[in-house]
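Student: I would like to learn how to read a protein model step by step. Could we go through this one together with questions and answers?

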Amino acid sequence: MRNNKDLFEESQQFIPGGVNSPVRAFGSVGGTPIFFKSAKGSKLWDEEGKEYIDYINSWGPMILGHAHPEVISAVQEVAKDSLSFGAPTARELDMAKEIVKIVPSIEQVRLVSSGTEATMSAIRLARGYTQRDKIVKFEGCYHGHADSLLVKAGSGALTFGQPSSAGVPIDTAKHTLTLSYNNVSELEELFKSQGNEIACVILEPVVGNMNLITPSAEFLNSLRSLTEKYGALLIFDEVMTGFRVALGGAQELFGITPDLTTLGKVIGGGLPVGAFGGKKEVMQKLAPLGPVYQAGTLSGNPVAVAAGLKTLELIQKPEFFSELSSKTKTLVDGLTNAGAGEGISFCARNVGGMFGLYFSDNPPNSFADVMASDREKFNFFFHEMLSMGIYFGPSAFEAGFVSAAHTLSDIQHTIECAKKAFSKIKA
Ligand SMILES: *Cc1c(COP(=O)(O)O)cnc(C)c1O
């Protein structure tokens with residue numbers, strides 16, 4: 001049997017940092033990452049045979065729980081026929097029709113293979129359509145790792161952006177303006193001074209990449225009216241929130257219609273699928289019809305699309321989202337009460353099947369609020385819970401996820417474990 005520690009050590013010789021995506025390395029919480037071997041429903045098993053209740057769900061995609069029999073058999077059926085054609089298939093049409101039906105702001109959609117590709121392509125499309133270069137994003141939102149999105153605010157919110165990663169040219173970053181989430185006056189000021197140069201505003205309509213942050217109604221309404229007034233496109237990055245906070249995503253929940261939407265995670269049911277879509281008039285600027293180039297050898301891959309289609313079918317069962325939400329609410333309420341019972345400065349909240357855990361008295365509303373929470377307490381809590389077989393995201397800046405396969409007894413057990421962890425924090 002190979003243990004996690006040996007696997008991590010050997011992996012570091014062959015893979016940079018031992019991982020294929022940075023957060024997996026446990027850099028934020030310290031310790032050895034867990035190497036997983038199998039999963040079923042709400043449970044995971046690692047290489048050492050230890051069992052965990054999973055609250056990451058592959059960062060969202062496994063909304064039906066792991067190894068759902070109908071999804072697995074859909075994948076197996078399709079795999080028998082071909083793994084890839086690099087040519088159109090009927091299944092892609094079925095998928096596009098399904099997305100258009102579920103997300104009414106999307107009139108046409110193109111499939112890609114990751115969330116990063118979806119946001120990168122949506123931004124190119126917005127720039128091509130508006131013939132403007134500047135884009136606006138918000139501090140703490142994550143939109144994948146394309147160059148123009150790995151940018152932080154310059155010295156003032158209205159000045160040129162600075163690369164947040166080495167390798168991103170300053171000349172690229174300078175076109176990205178980064179504002180504070182939920183800050184309406186900053187947004188108004190920016191549009192007043194540069195509104196006619198802005199191609200698009202991209203945001204997570206519920207942020208899941210700086211723990212979990214919800215938008216104020218005023219913020220969303222200003223975004224919609226200002227972009228409309230100045231001819232900029234509003235892009236909802238629903239890679240995480242799509243088919244997760246509600247069937248139709250955050251735009252359904254809040255009743256806001258964006259111009260473009262990006263999707264990923266749940267849409268592939270655990271296989272690599274992303275998508276971007278929106279108004280037909282905008283989407284028709286894409287190649288082969290229009291001047292905005294975008295392509296993908298494995299885009300619309302039959303096996304990945306089969307997993308996604310089956311997942312989308314199953315989450316449309318009546319009461320799916322009300323049950324998922326109420327279960328997630330039971331978890332966050334239980335955790336909040338457990339924290340209060342031990343006198344810990346802690347709270348938690350959910351939006352649909354997504355939740356945030358905060359070591360602070362009140363939920364945060366911005367990146368600055370998140371940074372002010374007690375990370376040391378989170379890290380201690382994370383490791384206590386992990387040792388008891390509860391797998392939360394290994395960082396105080398990640399949202400958590402509940403699946404349809406989580407049972408009330410999973411949730412009760414998690415709350416009991418949290419009580420123990422909180423009592424150790426107090427002591
Ligand atoms: C995960 C995520 C992405 C990137 O998706 P990948 O499939 O990891 O490339 C983009 N935007 C948001 C909001 C995400 O949560």
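**Loops, sheets and a ligand**

Tutor: This is a predicted model, and we can begin with a residue in a loop, since Phe 243 sits between strand E10 (233–237) and helix H8 (249–254).

Student: What is the phi of Phe 243, and is it positive or negative?

Tutor: Most residues other than glycine have a negative phi. Phe 243 is a residue other than glycine, yet its phi has a positive value, near 55°.

Student: Which loop holds Asn 182, and what is its phi?

Tutor: Asn 182 belongs to the loop that runs between E8 and H6. Although Asn 182 is not a glycine, its phi is positive, at about 70°.

Student: Where does the cis peptide bond that ends at Pro 288 begin?

Tutor: Pro 288 is placed in the loop between helix H9 (280–283) and helix H10 (302–314). Most peptide bonds are trans. The bond that leads into Pro 288 is cis, with omega near 10°, and it starts from Ala 287.

Student: In the sheet of seven strands, what is the order of the strands?

Tutor: This sheet is open and its pairing is mixed. Read from one end to the other, the order is E4-E12-E11-E10-E9-E5-E8.

Student: Why is one side of strand E4 and of strand E8 left without a neighbour in the sheet?

Tutor: Strand E4 (108–112) and strand E8 (176–179) stand at the edges of the sheet, and one side of each has no neighbour because each has a single partner strand. As for the turn between neighbouring strands of this sheet, with direction ignored, the average is 20°.

Student: Which residue of E9 stands opposite Ile 135?

Tutor: Strand E5 (residues 134–138) pairs with strand E9 (residues 198–203) in the parallel sense, over three bridges. Opposite Ile 135, the residue in E9 is Cys 200.

Student: At what angle does helix H6 run to E8?

Tutor: Helix H6, made of residues 184–194, lies across E5, E8 and E9. Its angle to E8 is about 150°.

Student: In the open sheet of three strands, which strands stand at the edges?

Tutor: The order in this sheet is E13-E14-E16, with antiparallel pairing. Each edge strand has a single partner strand, so one side of it is left without a neighbour in the sheet, and these edge strands are E13 (347–351) and E16 (400–401).

Student: Which residue in E16 stands opposite Phe 355?

Tutor: Strand E14 (residues 354–358) and E16 run antiparallel and are joined by two bridges. Facing Phe 355 in E16 is Gly 400.

Student: At what angle does helix H11 run to E13?

Tutor: Helix H11, residues 320–341, lies across both E13 and E14. Relative to E13, the helix runs at about 175°.

Student: In the hairpin of E1 and E2, which residue takes a phi near 60°?

Tutor: Strand E1 (residues 36–40) and strand E2 (residues 43–46) pair in the antiparallel sense over four bridges, and Ala 39 stands opposite Leu 44 in E2. The hairpin has two residues between the strands, and the residue with the positive phi near 60° is Gly 41.

Student: How much of the ligand's accessible area does the protein cover?

Tutor: Oxygen atoms of the ligand lie 2.6 Å from an N or O atom in the side chain of Thr 116, 3.1 Å from a polar side-chain atom of Asn 209, and 2.6 Å from a polar side-chain atom of Lys 265. On its own the ligand has 380 Å² of accessible area, and the share covered by the protein is 82%.

Student: How many residues in the shell around the ligand are charged?

Tutor: The residues around the ligand include Ser 114, Tyr 142, Glu 204, Asp 237 and Lys 265. By class, the shell has three nonpolar and six polar residues, while the number of charged residues is three.

Terms used. Residues are numbered from 1 along each chain as its sequence is written. This is a predicted model: local features need pLDDT of at least 70, side-chain atom pairs count only at pLDDT 80 or more; totals for chains, interfaces and linings use all residues. Side-chain values use heavy atoms; hydrogens and water are left out. Two strands pair if DSSP finds at least two bridges between them. Contact means heavy atoms within 4.5 Å. Axes are lines fitted to C-alpha atoms, for helices over the stretch in contact, and angles run from 0 to 180 degrees between N-to-C directions. A residue is near a molecule or strand if one of its heavy atoms lies within 4 Å of it. A polar contact is a pair of N or O atoms within 3.5 Å; within protein, one must be able to donate a hydrogen and the other to accept it, and residues adjacent in sequence count only if both atoms are side-chain atoms. Accessible areas come from the Shrake-Rupley method with a 1.4 Å probe; for residues, only the protein chains shown count as cover. Ala, Val, Leu, Ile, Met, Phe, Trp, Tyr, Cys and Pro count as nonpolar, Asp, Glu, Lys and Arg as charged, and the others, Gly among them, as polar.
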